[in-house]
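The following exercises concern a predicted model. Each task is followed by a solution in steps.

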Amino acid sequence: MRSAFATVPFYRERWALDGRTDPVLVPGRTGTDSGAAPLAEAVHKIVDLVPLAGGTRRIESNRGLGPVLRKARSVDGDALVVVLGGDGLRPPADLPRGVRCCVVDPDVPSAGVLAELSAALRRGRRVIAVGDDKQLAVFAAALPEERAYRVESVPRRELDTMDTGPYGVLHDPALGYLGALEPCGRWHLDWPRVYARPTTGGLAFTLLRQDSPRFVDVLPAGGVGGEIAPCPRHGTPVVLA
């Protein structure tokens, strides 16, 4: 966080106006939402999230999919991951070795992609589809009925639409994938890559391994209340909304 203050214009300006060098409020200082910033405001000023030394402005909506899929569905080996979404969505760069991936618009899937997926299912290959409920339903309807039932569906949930599963991955369009619903029934944060804390404006998230654009202590989904607590079974952070 201190490096963000020192090198990223958005945070330098915002925190300096509050007379601080740290995003968390300290006694005697003023500020809003315990020092956190609305994610929408940060995205609106995306150029100012690039460090002074330079970097990309591209938002990677599929960032973190590999690690959370390993938690949600134990994905590894010769699996084929289908990410459902529209134009401009790039495949994730962090899937396990040997796992192939394609991005499919479920509203206009190409005949070639559908044929390849059907062939993979026919050969017994594991196929995992990630998307929201509507996308998953449309995608399943586009596949041959005798093959569609073999697709493993992983619902994509945003912070304000978390449910009880049994499967799912936690996602934000700007931050990417934040965690997964594990077999214990709790939404586990991808804690090696994502940090979260409760604030007066809701849960604030920080991406720990993304240099640019830099997202530090931001409030996704307009601010959603909740808390971060250790999982009683695993001891790692879970999101309680």
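**Exercise 1. Environment of Q135**

Determine in which helix Q135 is found, whether Q135 is buried or exposed, and with which residues Q135 is in contact beyond its sequence neighbours.

Solution.
- Step 1. Q135 belongs to helix α6, which spans residues 133-142.
- Step 2. The relative accessible area of Q135 is 16%. Buried means under 20%, so Q135 is buried.
- Step 3. When neighbours within four places in sequence are set aside, the contacts of Q135 are L84, G85, P106 and R156.

**Exercise 2. The open sheet**

State the order of the strands in the open sheet, and identify its edge strands.

Solution.
- Step 1. The sheet is open and is formed by nine strands, in the order β3-β2-β4-β5-β6-β7-β8-β13-β12. Its pairing is mixed.
- Step 2. The edge strands are β3 (100-104) and β12 (227-230), each of which pairs on one side only.
- Step 3. On average, and with direction ignored, neighbouring strands of this sheet are turned by 35 degrees against each other.

**Exercise 3. From β5 to β8**

For β5 and β6, β6 and β7, and β7 and β8, give the sense of pairing and the number of bridges. Then decide how many residues of β7 are buried.

Solution.
- Step 1. Two bridges pair β5 (residues 152-157) with β6 (residues 169-172) in the parallel sense. R157 has L170 of β6 as its bridge partner.
- Step 2. The strands β6 and β7 run antiparallel and are joined by four bridges. H171 has Y177 of β7 as its bridge partner. These two strands form a hairpin, with three residues between them.
- Step 3. The strands β7 and β8 (residues 187-189) also run antiparallel, joined by three bridges. Here A180 has H188 of β8 as its bridge partner. The hairpin of β7 and β8 has five residues between the strands, and G185 in this hairpin takes a positive phi near 85 degrees.
- Step 4. In β7, six of the six residues are buried, so this strand is largely enclosed by the rest of the structure.

**Exercise 4. Helix α4 against the sheet**

Describe where helix α4 lies, how many of its residues are buried, and what covers them.

Solution.
- Step 1. Helix α4 (residues 65-73) lies across β2 (80-84), β4 (127-131), β5, β6 and β7 (176-181). With β7, helix α4 makes an angle of about 10 degrees.
- Step 2. Seven of the nine residues of α4 are buried, and the helix is thus mostly covered. The buried residues are L65, G66, P67, V68, L69, A72 and R73.
- Step 3. The cover over these buried residues includes β2, β4, β5, β6 and β7.
- Step 4. S74 follows α4 and is located in the loop between α4 and β2.

**Exercise 5. Backbone exceptions**

Locate the residues S74 and D217, which have a positive phi without being glycine, and describe the peptide bonds that precede P166 and P213.

Solution.
- Step 1. As a point of reference, most residues other than glycine have a negative phi, and most peptide bonds are trans.
- Step 2. S74 has a positive phi of about 50 degrees. With a relative accessibility of 49%, S74 is partly exposed.
- Step 3. Phi of D217 is near 55 degrees, and this residue lies in the loop between β10 and β11. At 1% relative accessibility, D217 is buried.
- Step 4. The peptide bond from G165 to P166 is cis, and its omega is near 25 degrees. P166 is placed in the loop between β5 and β6.
- Step 5. S212 and P213 are likewise joined by a cis peptide bond, with omega about -10 degrees. P213 lies in the loop between β10 (202-207) and β11 (218-219).

**Exercise 6. Disulfides**

Establish how many disulfides the model contains, and explain why C102 is not bonded to its closest cysteine.

Solution.
- Step 1. A disulfide requires cysteine sulfur atoms within 2.5 Å. By this criterion the count is zero.
- Step 2. The closest cysteine sulfur to that of C102 is in C101, 6.1 Å away, which is too far for a bond. C102 is buried, at a relative accessible area of 19%.
- Step 3. C231 is in no disulfide either, since its nearest cysteine sulfur, that of C184, is 3.9 Å away. C231 is buried at 3% relative accessibility.

How values were computed
Residues are numbered from 1 along each chain as its sequence is written. This is a predicted model: local features need pLDDT of at least 70, side-chain atom pairs count only at pLDDT 80 or more; totals for chains, interfaces and linings use all residues. Side-chain values use heavy atoms; hydrogens and water are left out. Buried means under 20% relative accessible area, exposed over 50%, partly exposed in between (1.4 Å probe, protein chains only). Contact means heavy atoms within 4.5 Å. Two strands pair if DSSP finds at least two bridges between them. Axes are lines fitted to C-alpha atoms, for helices over the stretch in contact, and angles run from 0 to 180 degrees between N-to-C directions.
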